[in-house]
Amino acid sequence: MARQTSQVPFGYEPPNGRGTVRGSLWIYDAFEDYTEQELVRILALASGRGIAKAVFYPLHEETVRRMEKRRPVAPYYQRVEALQTLLAASDTDVDYTVEPFEGKRKKYTPADTAFRFLEEKYAAPHFVWVTKTTAELLAGYESFETWIKKIRWFVSGEGGLVTHPRLQAYAHRWDPV
C-alpha cells in the first residue's frame, strides 16, 4: 500500500505546537490571609511556564482543620469571596477559575479525592502549587508517591529547607518557587 504524504506551505506551524500554552496549574491552599503579592507570583509562574489555566482550589475549613490541626480558619465562603476580589483586581492574561468542588461537598475532602477530581476535569499536563507547610503535610499521606510521579509540584516557602524525607527523595519532581 502506498504511503500518503501531504505538503504544507513553507513556515507553517501547527496550531497546537510545542510553544503554545498547555496544561493546568492547581493552586491547592486554604487562601487564609492571602495577599496580592502571592497572587501575582502564582499568575506570573503560570504565565512564565506557558500554563493554559490556573485553577484555584480553596480548601474547606474541615479539610484545613484535619490536615493542619491548628487554629480554625475563616469560613469557606469568606475566603472564596476575598480570593475572587483579589483575582478581579489583578491584571492578568492567564485564564483562571476558582473551583467550587469543596464548597459543594461542605465537608472534609482528602487530597487524593481532590486531585482525582481535578485530574479528570482539567487538561493535562498537570502542575500543583502548594506552600511548604502543605507540601510537608501531603508528603505524609500514603498516596503522596502516586501523585508526585503524576504531577509536577511547585513548592512555595519562605526560608528554611524542606525536612520531610519523602520530599527529599523526590526532589527532582518539585521546584521551589
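**Exercise 1. Is Glu119 buried, partly exposed or exposed, and at what relative accessibility?**

Solution. Keep in mind that we're working with a predicted model.
- Step 1: Glu119 has a relative accessibility of 27%.
- Step 2: Buried means under 20%, and exposed means over 50%.
- Step 3: Glu119 therefore counts as partly exposed.

**Exercise 2. Find the salt bridge between Lys150 and Glu119, and work out which parts of the chain the pair ties together.**

Solution.
- Step 1: Look at the two side chains: they meet with N to O at 3.8 Å. A salt bridge needs a distance within 4 Å, so this pair makes the cut.
- Step 2: Now place the residues. Lys150 sits in helix H7 (residues 144–150) and Glu119 in helix H5, so the bridge ties together parts that are 31 residues apart in sequence.
- Step 3: Check the surface too. Lys150 has a relative accessible area of 45%, so we call Lys150 partly exposed.
- Step 4: Lys150 has another contact for you to spot: Lys150 lies over the face of Trp147, 4.7 Å from the ring centre.

**Exercise 3. Which elements does the salt bridge of Lys53 and Asp95 link?**

Solution.
- Step 1: The side chains of Lys53 and Asp95 come together at 3.2 Å, N to O.
- Step 2: Lys53 belongs to strand S2 (residues 53–58) and Asp95 to strand S3 (residues 95–98), and the two are 42 residues apart.
- Step 3: Both ends are partly exposed: Lys53 at 23% relative accessibility, and Asp95 at 42%.

**Exercise 4. Sort two aromatic pairs, Phe115 with Trp153 and Phe127 with Phe154, by how their rings meet.**

Solution.
- Step 1: The structure holds 12 aromatic pairs, so we're picking out just two.
- Step 2: For Phe115 and Trp153, the centres are 6.3 Å apart and the planes make 90 degrees. Over 60 degrees counts as edge-to-face, so that's our label.
- Step 3: Phe115 is in helix H5 (residues 111–121) and Trp153 in strand S5 (residues 152–156), so the pair ties together parts 38 residues apart in sequence. Both residues, Phe115 and Trp153, are buried.
- Step 4: For Phe127 and Phe154, you get 5.8 Å centre to centre and 20 degrees between the planes. Under 30 degrees counts as stacked, so this pair is stacked.
- Step 5: Phe127 is in strand S4 (residues 126–131) and Phe154 in strand S5, so parts 27 residues apart in sequence are tied together. Phe127 and Phe154 are both buried.

Conventions: Residues are numbered from 1 along each chain as its sequence is written. This is a predicted model: local features need pLDDT of at least 70, side-chain atom pairs count only at pLDDT 80 or more; totals for chains, interfaces and linings use all residues. Side-chain values use heavy atoms; hydrogens and water are left out. Rings of Phe, Tyr and Trp (its six-membered ring) pair if their centres lie within 6.5 Å; planes under 30 degrees apart count as stacked, over 60 as edge-to-face and the rest as tilted. Helices (H or I, at least four residues) and strands (E, at least two) are DSSP runs, numbered from the N terminus. Buried means under 20% relative accessible area, exposed over 50%, partly exposed in between (1.4 Å probe, protein chains only). A charge sits over a ring if NZ of Lys or CZ of Arg is within 6 Å of the ring centre and within 35 degrees of the ring normal.
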